[in-house]
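Please open the structure in your viewer and keep the selection tool at hand, since this tour moves from one selection to the next and says what is there at each stop.

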Amino acid sequence: QRQMCIRDSYLSSHWMEAALIALLSLVYFSSVANMQWSTHDREYMSDSAAISSDPSRFLAADKLIPGRPTLEFVIWLWYSAWGNSPAAFHWLGIALHAAASALLVYVARQLGGSRPLALVAGLLFLTHVGHFRAIHWVAAFCYPLVLIGGLVALLWTEHYARRGRKRHLIGIYAISILAMGTHPSSAFIYPTVLLWYLLRRQSIAAVLKLVPLGFLMAGCAWLLTVHYSAAPQNAVLTDRFELVGSVEALAALFSRLFTTAQSMPVSPYAHVSWEVLIALPLFLGLGLYGWKYNRSMLFWLAWAVLSLLPFLSLQIDAQGQLVAGPSGSSRYLYVASAGSSCVLAAVAQKAYLYLSRRVGEDIARWIGAAILLSALESSYIWLKRTEGISLYVSGRYYEASGDRGMSIELFELAIARGRSLVNGPEIYSRAYLPLLSRRRKTQAVARGGLGLSSAKFATKCLPAHYAIYDGRCSSDRVSTQL
């Protein structure tokens, strides 16, 4: 009876944490539901419509966006229920992110973390600024699905290590294969699961039962690549490995897990050399700290690195960045940020214990609450600003689709919400032509988005615009001059 009471109390506390995360998701992300489609979103809708008419089209290699059957199935189910509605799909993205955050809290506790540590980790992940694109973009919903799959696989690995039941082993295999059908980056699940199993000091015979999983996941990836060889996402895969470029790209991604946790000091598509330089000291510092004070933190640090490695298969540009489009590599941070959030929560817990010894538990609790609330407030401000980037990308999509009215509306919203993040010259060179048709009000909005004074706007931008319009100057040259 005592065990039943403890279990009921545990489940009750978890549901309370899940309710808190659901409430905060509404506060932070409800405005995302007002966004429109972006690149590839409508293609997924067209594929879903074709599957509804002819179910045999589900595995067809000539679909508009093939190659990710698990994601396509989820989108088709949602399409069948809600139709071709941007708002409905954006609510799906919010729900997936909330579910992943709540699951992270539960898994962190199951793996031995304290309740405060797990809750702080979940809140830091929920409000992480850097991975915003995986929540705003329908075509990027694969990343929350990969994270959910990885956390479930890890949870079942812990259950299998404790109880040795065959159903948990089957579950690990099943969820890992389903995750591979969501996105190739789910390949990180296998080394992560194997690492946790080894940390639990299981016997060699028990570890060998997980070895076939690696071959099955590799075979699944190969079959998807061969069957969907014409998938558009294959166009960004690199045909040769560059060691220096890959190390630089990995360092930049790792740094951004922490530099963009609660704010965004630079635009997500900007190349900043100091982020690359701090990556190794940051990794070594966290690793040494974890080795000395919190060994379980090392696992989450390894999670963060392992989940970034699959993206090194993408092409790398001349600046050492992964080819990721106008919104940058934001979506690539999503799965890894679950690990970095647990690392930050472990560091925060150690700082709290230190303060408790120095100033007393009550004062330390108030200081900790104040710091956490400040971090959550900062995340709220910056997450609202990142919406400007996604609105701008959507505006480009509608402009390319010929919907001039919608593109103008989205560009104006992008400038209003994300003025400090959206590239001003890029807005001018790509978006000002449709904006100019909106008279003086729009000129003022565009001027503010560019960060120019009225005089400079009149003397540089307007003449440059007409030079572009008359064919006397290229938009790239004007963007450089600005």
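Begin by selecting L23, V27, Y380 and I381, which together make a nonpolar surface patch of about 340 Å². The elements that give two or more residues to this patch are helices α1 and α16. Keep in mind throughout the tour that the model on your screen is a predicted one.

Stay for a moment on I381, whose place is in helix α16. Is I381 buried, partly exposed or exposed? With a relative accessible area of 37%, I381 is partly exposed, because the partly exposed class lies between the buried limit of 20% and the exposed limit of 50%.

**The whole chain**

Now zoom out and colour the chain by secondary structure, so that the helices stand out. The chain has 21 helices and zero strands. Of its 482 residues, 50% are buried, and its accessible surface comes to about 22400 Å², with 63% of that surface belonging to carbon and sulfur atoms. If we take the contacts between residues at least 6 apart in sequence, 75% of them join residues at least 24 apart.

**Helix α16**

Next, select residues 361–401, which form helix α16. This helix has 41 residues, and from its first C-alpha to its last it reaches 59 Å, close to the 60 Å expected at 1.5 Å a residue. Move on to G402, just after α16, and you will find a residue that takes a positive phi of about 90°.

Return to the start of the helix and show the side chains of E361 and R365, which meet in a salt bridge with an N to O distance of 2.9 Å. Why are E361 and R365 separated by about one helical turn? They are four residues apart in helix α16, and therefore about one turn lies between them. Both partners are partly exposed: E361 has a relative accessible area of 47%, while R365 has 42%.

**Helix α7**

Select residues 142–163 for a second helix, α7, which has 22 residues and reaches 31 Å from its first C-alpha to its last, close to the expected 32 Å. How many residues of α7 are buried? The count is 18 of the 22, so α7 is largely enclosed by the rest of the structure. The helix is followed by G164, whose phi is positive, near 70°.

**Helix α1 and its partners**

Now go to residues 2–29, helix α1, and pick out H14 within it. H14 counts as buried at 13% relative accessibility. Leaving aside its neighbours within four places in sequence, H14 is in contact with A102, Y106 and R109, so it is useful to display those three residues alongside it, contact here meaning heavy atoms within 4.5 Å.

R109 leads to the next stop, which is E17. Side chains of opposite charge can pair when their charged atoms come close. E17 forms a salt bridge with R109, and the closest N and O atoms of this pair are 3.4 Å apart. The pair links distant parts of the chain, for E17 is in helix α1 and R109 is in helix α4 (residues 86–110), 92 residues apart. Both of these residues count as buried, E17 at 3% relative accessibility and R109 at 15%.

With E17 still selected, add R115, for the side chains of E17 and R115 also meet in a salt bridge, at 2.9 Å from N to O. E17 lies in helix α1 and R115 in helix α5 (residues 115–126), so this pair ties together parts that are 98 residues apart in sequence. R115, at 38% relative accessibility, counts as partly exposed.

Show E17, R109 and R115 at once, and you have one network, joined by salt bridges that share partners. For the structure, the count comes to 10 salt bridges.

**Two cysteines**

For the last stop, select C220 and C342. Are these two residues buried or exposed? C220 counts as buried at 16% relative accessibility, and C342 counts as buried at 3%. A disulfide is a covalent bond between the sulfur atoms of two cysteines. How many disulfides does a search of the whole structure find? The search finds zero.

Definitions and conventions:
Residues are numbered from 1 along each chain as its sequence is written. This is a predicted model: local features need pLDDT of at least 70, side-chain atom pairs count only at pLDDT 80 or more; totals for chains, interfaces and linings use all residues. Side-chain values use heavy atoms; hydrogens and water are left out. Buried means under 20% relative accessible area, exposed over 50%, partly exposed in between (1.4 Å probe, protein chains only). Accessible areas come from the Shrake-Rupley method with a 1.4 Å probe; for residues, only the protein chains shown count as cover. A disulfide is a pair of cysteine sulfur atoms within 2.5 Å. The expected span of a helix is 1.5 Å times one less than its number of residues. Patches are made of residues with over 30% relative accessible area and no salt bridge: like charges are joined within 9 Å, nonpolar side chains (Val, Leu, Ile, Met, Phe, Trp, Tyr) within 5 Å. A salt bridge is a side-chain nitrogen of Lys or Arg within 4 Å of a carboxyl oxygen of Asp or Glu.
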